[in-house]
Amino acid sequence: MVANTTGGVSFDTDEETELILDSLDEFIEREVEPIVEELGDVYTNPRKGHHENGRWTDEVLEAREEIRRRSAEGGFYAMNLPEDAGGEGVSPVTWYRAKKHLASHGGGLERYALAGPEGPKPLLLQAEGEQVERYLEPTVRAEKSTAFAQTEPGYGSDSPNMETTAEKDGDEWVLNGRKQWITNAPYADFVQLFARTTPQEEAGRYGGITCFIVERDEYELGSYNNAVGAEGSQAEIILDDVRVPDDRVLGEVDEAFYAAMEFLSLGRLELGAEAVGYGEYLLEDATEYVTEREAFGRSIGNFQQVSSKLAQGRAKTYAADAAGLKLAWKMAEGERTVMDSSILKWFATNVLWEVADAAVQVHGANGLAEENPYMDIVHQARILRIVEGTDEIQLNTIAKSMGVTE
Ligand SMILES: Cc1cc2nc3c(=O)[nH]c(=O)nc-3n(C[C@H](O)[C@H](O)[C@H](O)COP(=O)(O)OP(=O)(O)OC[C@H]3O[C@@H](n4cnc5c(N)ncnc54)[C@H](O)[C@@H]3O)c2cc1C
């Protein structure tokens, strides 16, 4: 028997991660909070920060850009990318904790301090030759922003069935089709757009799809897809005989879907971190509120129906965080994480949905007041359960990994 060992498991945070989280806090306080304060509720109130069609106002766009740029200068924005791509090469565990930490500030404009859908993702690391200087490096420095365009009107969960096509014509590709719900499409300098280049009958379901870099002045913007809670961020992309040169292929022709699948776990880790971070923010805030607010002569936290909601939220958020840390650790070890990432995505986002609902409920009418962030986080939770693989798709993946389904 080996006594006093941890059996190889450790939840210690290394000094480097502690240092990064402390500096991130200082950075948010010093560089980001003044911008957030100056903007007031223009960002959080959908009636104020948008034009009629949904587009963010210049004031909001400038604030977002300023935060991203300052964060890149400070070395935070894309710190999870390798050093040779301009990142800091921090481990998935540190990235998970930083994303969670940021979300635990409450999910306002602060979120732009770490690269999200508009920033560089591992898919872009496939950039070669001139693509590196023109697209990858400026995106890592937050001087340019991008988007990931896969979903179409007819195909979301079933995206390999996409109808957008690209046909080779000399040394150019001709793109035709329509994408929708593409985050940052209205503001991106370029999008990473998926199109079928070889029919499914020849290349198989996941083969035959290629990723193209399409610049903003080359695609037409359709309507804004205004989701409640994310107004102004998503829009349609219309491709009508759009010609791009051959050197806009990102990665290998016909292999883009496989490349994207390799990076699915990272996206799910990030969304899980956000869900846990928002949950922690809400629980802390609600705890303060229920210990101060009184009804029937005592603080409302003493009513079992109130305390039970928060205790259950705490227990589930704790478990979701453990699932996030384990996924991040397995990714750092280079292990297979298909099931782990679906577990985190499904569990953490559903826990947040419950916690956000509880936070609204224990605040009474104040929970619904538009100047408070609780309903906004309810909307974020609802969005998180749909994007990057719905609840049902995550459960399908888990069941398949278990061998329950074929
Ligand atoms: C705020 C927001 C941001 C987004 N950003 C982007 C982006 O940047 N880029 C991008 O490409 N897309 C983006 N999307 C699109 C998103 O990825 C899709 O909405 C999502 O994949 C679901 O596709 P769908 O909406 O077509 O729903 P569908 O696929 O039509 O699904 C409808 C319902 O059927 C269920 N269902 C479908 N198939 C199965 C199945 N096999 N088993 C069980 N249930 C099933 C789904 O779970 C869902 O409940 C975004 C969406 C939103 C709301």
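**Close-up views of a predicted model**

**Figure 1. The largest nonpolar core.** Within the 103 residues of the largest nonpolar core, those touching the most other members are V191, F212, V214, L352 and A356. Helix α9, which spans residues 338-362, provides the largest share of this core, with 14 residues. The structure shown in this and the following views is a predicted model.

**Figure 2. The surroundings of V214.** When residues up to four places away in sequence are left out, V214 touches L175, F190, V191, L193, Y219, V242 and V244. V191 appears among these contacts, and both V191 and V214 are listed with the core residues that touch the most other members.

**Figure 3. The region annotated in UniProt.** An unreviewed UniProt entry places the feature "domain: Acyl-CoA oxidase/dehydrogenase middle" at residues 147-242. In the model, strand makes up 50% of this span and helix 4%. The C-alpha atoms at the two ends of the span are 17 Å apart.

**Figure 4. The domains and the contact between domain 2 and domain 3.** The chain is divided into domain 1 (15-115), domain 2 (146-256) and domain 3 (263-402). Between the C-alpha centres of domain 2 and domain 3 the distance is 32 Å. Five residues from domain 2 and seven residues from domain 3 take part in the contact. On the domain 2 side, the touching residues comprise three nonpolar and two polar residues, with no charged residues.

**Figure 5. The shell around the ligand.** The ligand is surrounded by 22 residues, of which T151, G156, S157, T390 and E392 are the closest. By class, the shell contains 12 nonpolar, eight polar and two charged residues. Domain 2 (146-256) and domain 3 (263-402) each contribute at least three residues to the shell. Three elements, β1 (146-149), β3 (172-183) and α12 (391-402), each supply at least two of its residues.

**Figure 6. A381 in helix α11.** A381 is located in helix α11, which covers residues 374-384. Is A381 buried or exposed? A381 counts as buried because 25 C-beta neighbours lie inside 10 Å. Residues up to four places away in sequence aside, A381 touches T349, L352, W353 and A356. Two of these contacts, L352 and A356, are also listed with the core residues that touch the most other members. The C-alpha atoms of A381 and E118 are separated by 19 Å, and these two residues are 263 residues apart along the chain.

Note on methods
Residues numbered from 1 in each chain as written. Predicted model: local features only at pLDDT ≥ 70, side-chain atom pairs only at ≥ 80, totals over all residues. UniProt positions renumbered as here; feature names shortened; annotations may be inferred. Core = buried A, V, L, I, M, F, W, Y, C linked by C-beta atoms within 7 Å. Buried ≥ 20, exposed ≤ 12 C-beta atoms within 10 Å, placed from the backbone. Contact = placed C-beta atoms within 7 Å. Domains from an automatic or database assignment. Nonpolar A, V, L, I, M, F, W, Y, C, P; charged D, E, K, R; others polar. Near = placed C-beta within 6 Å.
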